[in-house]
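Let's take a walk through a protein model and pick out a few spots that are worth a closer look. Keep the sequence handy as you read.

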Amino acid sequence: MLGDQLSPSLSSLAAADRARTVVLMVEVMGEASYVGHHKQKIAFIFSAMRHFALRLRQAGWQVDYVTLDNPDNTGSLAGEVERAAERYRCRQILATKPGEWRVLEDMRGWGTLTGCGLTLLDDTRFLCSLDEFAGWAEGRKQLRMEYFYREMRRKTGLLMEGSEPAGGRWNFDAENRKPAEGGLFMPRPCRAAPDAVTQEVLALVGTRFAQNFGRLEGFAYGVTAEDAQAALEWFLREALPCFGDYQDAMLKGETWLYHSVLSPYLNTGLLDPLEVCRRVEAEWRAGRVPLNSAEGYIRQIIGWREYVRGIYWLKMPGYTQENALAADRPLPAFYWTGETDMRCLSEVITQTRDTAYAHHIQRLMVTGNFAMLAGINPHEVHEWYLAVYVDAFEWVEAPNTIGMSQFADGGLLGSKPYAAGGNYINRMSDYCGSCRYDVKQRTGRDACPLNALYWDFLVRNSAKLRGNPRLAQVFRTYDKMGDEAKRDLHRQADAFLKSL
């Protein structure tokens with residue numbers, strides 16, 4: 001069982017004979033270091049694994065758990081499977097297929113490596129099987145999430161009134177874009193105090209991964225199904241009612257706002273996605289939350305989460321190397337330090353360093369938007385996101401980065417680049433008020449770099465973007481600018497990019 005398969009309903013557990021089975025769980029350096037994972041991400045996964053192993057033992061399973069500091073640990077999944085096969089004289093290896101392509105390729109060789117029979121079962125914890133998604137995608141010119149989401153609504157019956165969507169609309173996203181004001185009451189999310197098991201893991205990570213990005217101080221992620229359930233109850237009660245209105249908002253010093261922070265638990269199997277969505281729907285039907293909040297959250301789970309998994313497996317291998325805009329600039333060093341005069345980037349990167357978390361707009365419209373405008377190599381951006389966020393596994397992270405954030409797949413996932421100048425950040429946050437740059441200036445020493453970068457990005461990629469109907473008005477606006485204004489914008493952008 002892998003570190004993101006911490007579910008008692010896992011298909012391999014369901015298919016195993018408890019009396020004749022050894023459950024193998026391993027902490028290996030290969031998985032902990034294939035990118036430079038955030039310290040809190042490693043600690044969260046290792047501690048959740050150790051707690052789940054205890055749960056399995058209490059349920060009567062024989063569990064062989066290999067810790068990272070075991071002197072015989074080979075450092076790889078394949079090496080530990082081979083050792084276990086010899087220890088127990090196994091005849092059969094049974095596993096649930098992983099969420100990442102590179103791990104599946106590794107798994108496929110385990111039978112030959114050990115001389116055992118190998119059975120890899122589908123991961124049934126998702127609402128849409130990979131075959132079902134491939135069938136939906138076949139023959140479609142555009143794979144838009146909105147149409148997939150409607151199919152998932154019909155399939156699950158969530159927020160449906162017969163054959164029609166509740167409220168007469170499938171999507172209430174237009175109501176979910178209110179900027180937060182500093183005076184709003186901000187609930188504090190459910191946090192778990194580290195127990196003895198977690199403290200041991202934190203000490204291990206602090207020693208073995210001392211040079212990795214991020215801080216361990218303040219670690220408070222839940223690491224058990226009970227912790228995850230408590231986090232869900234908190235979200236339903238305290239934050240869901242305002243989630244819809246303010247899910248796109250950003251405020252200095254407010255890491256969590258009205259977000260659920262449930263993605264780490266969903267992505268490791270500590271929470272069941274359909275159960276979460278049914279609980280959210282029940283809050284709406286009971287009149288305790290508005291429809292825009294319930295629909296907005298359910299769309300993220302049964303729509304977006306399922307959709308990006310389908311895209312990932314449909315397009316791998318190779319998807320993480322996509323680079324439709326030929327962006328080749330190295331990732332700036334400040335993505336690892338937060339040391340930049342751009343307050344929006346500094347705020348989000350510092351928050352990420354301290355908590356291994358940022359919400360979707362911070363990822364898409366701050367760190368992602370800047371990287372795309374600046375022409376940063378999308379594979380480097382992908383590896384950064386995969387490393388720094390506690391909920392990041394490649395199946396969910398790569399399409400969000402390569403497709404949604406960087407437009408590196410050429411529009412397979414998104415109908416247009418999510419590009420924005422400083423005005424968007426100013427509208428949706430309070431970052432700009434304390435920034436050393438002036439968000440209202442396009443050029444000059446104090447001008448917000450995003451403003452010139454925005455126009456420079458569009459023109460730099462005009463051969464590929466000008467024909468996009470959703471950008472037609474933007475290009476008409478640029479075409480109406482005077483020649484001197486255009487030159488000033490491009491000089492401004494060029495000078496900033498050279499300074500990186």
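Which residues are buried in α23? They are K486, L489, A493, F496 and L497. Bear in mind that what you're looking at is a predicted model.

**A helix with two sides**

Helix α23 covers residues 483-499, 17 residues in total, and it reaches 24 Å from its first C-alpha to its last, close to the 24 Å expected at 1.5 Å a residue. Look down the axis of α23 and you'll see its buried residues fall within an arc of 105°, so they line one face of the helix. What do the buried residues of α23 pack against? Their partners are α16 (360-374), α20 (449-460) and α22 (472-479). Now turn to the other side of α23: D483, E484, R491, K498 and S499 are exposed there.

**An enclosed helix**

Next up is α18, at residues 394-405. Its end C-alpha atoms are only 14 Å apart for 12 residues, short of the 16 Å that a straight helix would reach at 1.5 Å a residue. In α18, 11 of the 12 residues are buried, so this helix is largely enclosed by the rest of the structure. Among the buried ones are E394, W395, E397 and P399. The buried residues of α18 pack against α5, α11 (263-268), α13, α16 and α17. Just after α18 comes F407, which takes a positive phi of about 55°.

Where does D391 lie? You'll find D391 in the loop between α17 (378-388) and α18. D391 is buried, with a relative accessible area of 9%. Its side chain makes a polar contact with the side chain of R363, at 3.1 Å. Leaving out residues up to four places away in sequence, D391 touches S263, P264, N267, R363 and V396.

**Rings and charges**

How many aromatic pairs does the structure hold? There are 29 aromatic pairs, and here are two of them.

| Aromatic pair | Centre to centre | Angle between planes | Arrangement |
|---|---|---|---|
| W101 and W313 | 6.0 Å | 45° | tilted |
| F334 and Y335 | 5.4 Å | 20° | stacked |

The W101 and W313 pair links distant parts of the chain: W101 is in helix α5 (residues 101-107) and W313 is in helix α13 (residues 291-315), 212 residues apart. W313 is buried, with a relative accessible area of 14%. As for the stacked pair, both F334 and Y335 are buried. These two rings also belong to one aromatic cluster, which includes F213, W336, F370 and W384. F496, which you met among the buried residues of α23, is part of that cluster too.

Some rings have a charged neighbour. K41 lies over the face of F393, 5.8 Å from the ring centre. The charged end of K416 sits over the ring of Y418, at 5.2 Å from its centre.

**One last stop: L77**

Is L77 buried or exposed? L77 is buried, with a relative accessible area of 8%, and it is found in helix α4 (residues 77-88). Not counting residues up to four places away in sequence, L77 touches L2, V26, V28, E31, V103, D106 and W110. For a sense of scale, the C-alpha atoms of L77 and D227 are separated by 28 Å, with their positions 150 residues apart along the chain.

How values were computed. Residues are numbered from 1 along each chain as its sequence is written. This is a predicted model: local features need pLDDT of at least 70, side-chain atom pairs count only at pLDDT 80 or more; totals for chains, interfaces and linings use all residues. Side-chain values use heavy atoms; hydrogens and water are left out. Helices (H or I, at least four residues) and strands (E, at least two) are DSSP runs, numbered from the N terminus. The expected span of a helix is 1.5 Å times one less than its number of residues. Buried means under 20% relative accessible area, exposed over 50%, partly exposed in between (1.4 Å probe, protein chains only). The arc is that of the directions from the helix axis to the C-beta atoms. Contact means heavy atoms within 4.5 Å. Rings of Phe, Tyr and Trp (its six-membered ring) pair if their centres lie within 6.5 Å; planes under 30 degrees apart count as stacked, over 60 as edge-to-face and the rest as tilted. A charge sits over a ring if NZ of Lys or CZ of Arg is within 6 Å of the ring centre and within 35 degrees of the ring normal. A polar contact is a pair of N or O atoms within 3.5 Å; within protein, one must be able to donate a hydrogen and the other to accept it, and residues adjacent in sequence count only if both atoms are side-chain atoms.
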